[in-house]
Structures are given as structure tokens and as C-alpha cells.
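Q: Please take a close look at one part of this structure. Describe it in plain terms for someone who has not seen it before.

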Amino acid sequence: MAEAVFHPPRRKRRVFESYESPFPVDVGGKDFRICQAEIISNNVIVRNPEDIEQLYNKGYFGKGILSRSRPVYSISDPSLVTKWQGANINMPIIASKKYQCHVQWAKSILQEQGFDDCSVTKILENYTKPLELPFLEEDGAEQTGNSCNRMGPNTENTELSRQSSTAIGNVVALSPENQNEGYKKACLEGDPAFDPVAIHGSKEQEEGDLKEVAEVSCQKHGFLMHCGCKESTEQGSCEMIKSKECAPEYVLVQEEEEGSLCLEDAAAHAQENVVKKEKLVCRRNPFRIFEYLQLSLEEAFFLVYALGCLSIYYGEEPLTILKLWEVFSEVKPNFKTTYMAYHYFRSKGWVPKVGLKYGTDLLLYRKGPPFYHASYSVIAELVDDNFEGSLRRPLSWKSLSGLNRTTVNASKELMLCYLIRPSDMTEREMSTPECMKRIKVQELIVSRWVASRERSEQDEL
């Protein structure tokens, strides 16, 4: 058998971050912490923003459920953020149409809860009415500059106004110091005196309409807590949402008002331009969407078993390592095989990710996806000492050739990872992760042999 030639990983052209560490563990250090996850619909989800940052930044575990990879989802419209960049606003900005979509989603949830149309309309009107909230500068001081103006002496809304012609398409100039700055929440966000919805799970609510809104939002509305999914809201979850999660409670909605027609100079412009007055109105977000970190079963078990920096809950009960091994094996029949391969490559310094996109079990990255493209696509198989057994994926020459061609076209190499178990190993031993101590690993890289190329190389010799 020919020895495989190692090809260096293909580095990405643009890298926008620095490499921190391969694992989220600081053994014996002050930064060591045990993160918390929970099982929801056979998926392992991390909700705490601090845990999300810890797990993804150090080791690139999991992916954002609303993002492509890194959990950086924001409801802000990027074009509107750029458009209003010079105003130094510290809140998410969305268009009026998108805000109306959030209102409609909230309306449908209320109707499914059994509320009549009159009650739904009243609740949403009280919840989405314009608010007057001071904005914050980057240093935390209250903003009093020109970017925060009132549209009239008796107006109750804090609005940002600007004039723009839809025909010319003028845009506010970008401020270099604010180009890459994030948006903070309003200073009154989460304050019970101004936001009754901030008291999740509390028994003491405001009277009147505010009480009705708060009770409906906390006790009935799963959409305020689980990305639109109607799930039961427990008091513990409410406290977690209140203290740790950072979904935007308040948003700035860009609204347009058509003004009077302005007749430009007839010699220069022969047409009428409709000038629209655009303003930002602060409102509550009736349908909050949270960004969570979703871990694969292999990643979750590695964090629990190998690193000891994650605790996984089902309901309110933390699961033991043996229970997780059993539960994950039931959810995913080939979990034991794929986890052994994952554990092996992680211990060798690779960053394995799910390889479903390329029809394999794993993809191997050097350092992490932000720095290098995946080098190998891995298929894991559990066999005995004679390389025999019930293969999970029996490959014919035709299917193997097609899979190899797909892998090569993506600038990767196909690797077959054989996990060799002793012939005397029983199923009882396989029921615990301690069985990995007796497992051997054999890697095989598949390459395409081209007859004409080989013949020409031999002639040169």
C-alpha cells in the first residue's frame, strides 16, 4: 500500500479574527467555567451569550441557529444601519415592513392561544405604541446631540429625522469611528418601571392594560422566548431570559411620511421629485428572536466527557455521562462510531465539523473554519480485527468514485477512518465510553489513480 502524501491545508484569503485557543478550558485558571446546555427536540442548545462566546471562540464548537456559522445574527437591517451610521444610534434598526411582520407573527400566536380579535388588537396596540426612550452614547452618557431631535413641541416620541430624496438617493455619510461598533441596548431596557415585559415569571405586575400585556407576554407567549416556537415557559427559563439573554426588546423602526411636492428648477429638472421625510421611532419588539448555539451530539459529548466544561440538562435535570452516551446512541444510531472518530481527530489538533454537506461524516479543519478550508472529508466505520463488520455505508466502486470526485472538486481529500474493536469486546463494554480505550484507529486516504499520468511519470524516470 502506497504511503499517503500530506498536503498542507489551503489557507483562506481573508481572515478577520485572531486565534485564541483550541479548547474552552483553562485548567487551573481563573477563567475556567462550566457552561450550560439543554436538550430540545433531540438537539443540544446553548442559550447563555457568555457560554456561546466561550464555546465558539475557543475551539469553534457548534454553530448559530440563525447564522451561517458564527452566532452573530442581528435583526438590524444592514442597509439601514449603514444609512443611519452617522447618527450614532445604539439600538437595532429595522424597516417598517419587517416590524409589521413581527406584529403579524405575534398576532397569530395570540390567536392560537384563544384570544378574540378585539383583545389581540388591544394588546398589540398597547405593546407596540411609540415610546420615548433616551439613547446612549458609546461612553454611556445620555445623548443630546443633533441626531436626537423631536418632530414637534407636543410629540411624545423620540424620533430621528432626516430629509432624503428618493430620486437622488442621498445617504448619511459614514462615521469612521463608528463603522465597526456594535449597538447597545437602550438604558431603560429591562427596567420594570418602563417595561412590564422585563419581569418574566414575576407575580407582581402592573395594573390595567400593562398587566394584561405582561401576563400574556410572560405566561402565554412562547414567541417571546423561543424564536417563535410555541413552547412552555417555566419560571427558571424566564429568569434565564431576563438575566442573561440579549435579544432586542426595543427597536427603532424607520417610517416614511410623504411631504409636499417640491418643484425643482425647470431648466435643471423637468420632473417633480417626491421628498420623503424619514424618521426613526422607538417601539417594543413584539416578536423577539434569539440567537442560540447548536452543538452536534459529538461536540456536546466531547465537551462533557473529554473537557468537563459543559453540563447538559433535560428539563431541570442534569444528565450524567453514561446517560448522555445512552440517550445520544438512541437519537443517532451511529453516534458511537462518529464520536470515536470525532474524539480521535480532536485529540490530534484538528477541528472536526459535520460533513453532511459533502456526503460524509466529518470535515477536518486546521485551527478552525475562519482560517483554513477543510482538508479532509471523513467517513467513519466500526470494524473488527479482520476489517469486517456490518458497515454503516457500504460503498460500491461507482459510489466511491462519485464521492471521491465530489470531494476533490471541493479541494479536499477523502479519508476512510476505520475504528477497530477487539473481537472479544462485548456489547456491555460498548455501552460506556470507556470502550474507547481499546479501540484502534486506521486512516486510509483515497486518491484517484490516472493511468496516463502514471505512465508519463514512469517514462521520465
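A: G308, just after helix α7, takes a positive phi of about 65°. Helices (H or I, at least four residues) and strands (E, at least two) are DSSP runs, numbered from the N terminus. This is a predicted model, in which local features need pLDDT of at least 70 and side-chain atom pairs count only at pLDDT 80 or more, while totals for chains, interfaces and linings use all residues. Residues are numbered from 1 along each chain as its sequence is written, and side-chain values use heavy atoms, with hydrogens and water left out.

The helix before G308 is mostly covered, with 9 of the 11 residues of α7 buried (under 20% relative accessible area; exposed is over 50%, partly exposed in between; 1.4 Å probe, protein chains only). The buried residues of α7 are L297, E298, E299, A300, F301, F302, L303, V304 and L307.

Next comes the sheet. It is open and holds 6 strands in the order β3-β8-β2-β1-β9-β10, with mixed pairing; two strands pair if DSSP finds at least two bridges between them. At the edges are β3 (63-64) and β10 (317-318), each of which pairs on one side only. Strand β1 (residues 35-40) and strand β9 (residues 310-314) are parallel partners, paired over 4 bridges. One residue of this pairing is C35, whose bridge partner in β9 is L310. Helix α7 (residues 297-307) packs on this sheet and touches β2 (43-46), β8 (293-295) and β9, where contact means heavy atoms within 4.5 Å. The direction of α7 makes about 120° with that of β9; axes are lines fitted to C-alpha atoms, for helices over the stretch in contact, and angles run from 0 to 180 degrees between N-to-C directions.

Back at the β3 edge, I65 lies in the loop between β3 and α2 (78-83). I65 is partly exposed, its relative accessible area being 32%.

Another strand pair can be set beside the sheet. Strand β11 (residues 350-354) is largely enclosed by the rest of the structure, because 4 of its 5 residues are buried. β11 runs antiparallel to strand β12 (residues 362-366), and 5 bridges join the two. Within this pair, W350 stands opposite R366 in β12.
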